[in-house]
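Open the structure in your viewer and switch to a cartoon display. Keep the sequence panel visible so that you can select residues by number.

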Amino acid sequence: MGRIKPHVLLQQSKRKKGPSGISATTIIVCTLIIVMLMHFMFYRHWSNRRRLQPESYISVSEDENTLAESKKSDLPGYAIVITSKGSIIVELYKESAPEVVDEFIDLCQKGHFKGMLFHQVIKHYVIQAGHNKGPGATEDWNLLGKKYASMRHEAFMLGTSKGNYFNKGFDLFITTAPIPDLSEKLIVFGRVIKGEDIVQEIEEVDTDEHYQPKISIGILDVALKEMV
């Protein structure tokens, strides 16, 4: 076998040699690109999170308000006062007197008004039902009304006296005519929408000098309704 010359071996060595290695400059550039991409992605995520935080807060607040409105709308909106003369349908003021309506509903469910008598009746003024049969409250309202005759309530409004309400009692009154303003004495929490004729029939009963009916007229029960 013939001897291979050195210059031939050199040429064969060059042909077998693989590609040259990656330079340090290339590695540094690639690393910088990766770091910049990671920094950009992190900044974008952080920015989006900060932008979404107030919206999340508003969303929670809106959910709480929606829940409160839902609970309020779940309350019965009407009461049917069943008397010995007939039924009186009342729309409850859930928006303007929520605490009083809540207590009224609770007392209805406990049967508080069953057997309650209309113990004071003043023609063209008010009929009052309660467990306290004393003559004082309505007479006081009547005198106060004569003093402040320029301000008025509407007819057929349902309310309770502040004195009994804040002393853990709950009586009922229904106005039978536009009357002088008695806001210092009364809390109005509803209005009659059907059964005005029943209210007027109760109003027309004979009474004694203390405005007490000579015949017993009472509330048999109070039914609560979502709609009528």
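The stops below go from the whole chain to a sheet, then to a helix on that sheet, and end at a surface patch.

**Stop 1: the whole protein.** Keep in mind that this is a predicted model. With everything selected, you have 228 residues, of which 32% are buried. The cartoon shows six helices and 10 strands. Switch to a surface display: the accessible surface comes to about 15,200 Å², and carbon and sulfur atoms account for 57% of that area. Now consider contacts between residues at least 6 apart in sequence: 67% of them join residues at least 24 apart.

**Stop 2: the sheet.** Colour the strands. Eight of them form an open sheet with antiparallel pairing. In which order do the strands lie? Going across, the order is β3-β4-β7-β6-β9-β2-β1-β10. Select 117–122 for β3 and 219–225 for β10; these are the edge strands, and each pairs on one side only. On average, neighbouring strands of the sheet are turned by 30 degrees against each other, direction ignored.

**Stop 3: strand β1 and its two partners.** Select residues 78–83, which are β1, and residues 86–92, which are β2. This antiparallel pair is held over six bridges, and the two strands form a hairpin with two residues between them. Label two positions in β1 to see the pairing. Ala79 stands opposite Val90 of β2, and Ile80 has Ile89 of β2 as its bridge partner.

Next, add β10 to the selection. β1 and β10 also run antiparallel, joined by six bridges. Here the pair to label is Thr83 and Ile219, since Ile219 of β10 is the residue opposite Thr83.

**Stop 4: the helix on the sheet.** Select residues 98–109, helix α3, which packs on the sheet. Which strands does helix α3 touch? They are β1, β2, β6 (157–161), β7 (172–175), β9 (186–194) and β10. Look along the helix and then along β10: their directions make about 120 degrees.

**Stop 5: a surface patch.** Move to helix α2, residues 24–74, and pick out Val29 in it. Is Val29 buried, partly exposed or exposed? Val29 counts as partly exposed because its relative accessibility is 41%, a value between the 20% and 50% cut-offs. Now add Ile33 and Leu37 to the selection. Together with Val29, these residues make a nonpolar surface patch of about 260 Å².

Technical notes: Residues numbered from 1 in each chain as written. Predicted model: local features only at pLDDT ≥ 70, side-chain atom pairs only at ≥ 80, totals over all residues. Heavy atoms only, no water. Pairing = 2+ DSSP bridges. Helix = DSSP H or I, 4+ residues; strand = E, 2+ residues; numbered from the N terminus. Axes fitted to C-alpha atoms, helices over the stretch in contact; angles between N-to-C directions. Contact = heavy atoms within 4.5 Å. Buried < 20%, exposed > 50% of the residue type's maximum accessible area, 1.4 Å probe, protein only. Areas by Shrake-Rupley, 256 points an atom, 1.4 Å probe, with all protein chains shown as cover. Patch = residues over 30% accessible without salt bridge, like charges linked within 9 Å, V, L, I, M, F, W, Y side chains within 5 Å. Salt bridge = Lys/Arg side-chain N within 4 Å of Asp/Glu carboxyl O.
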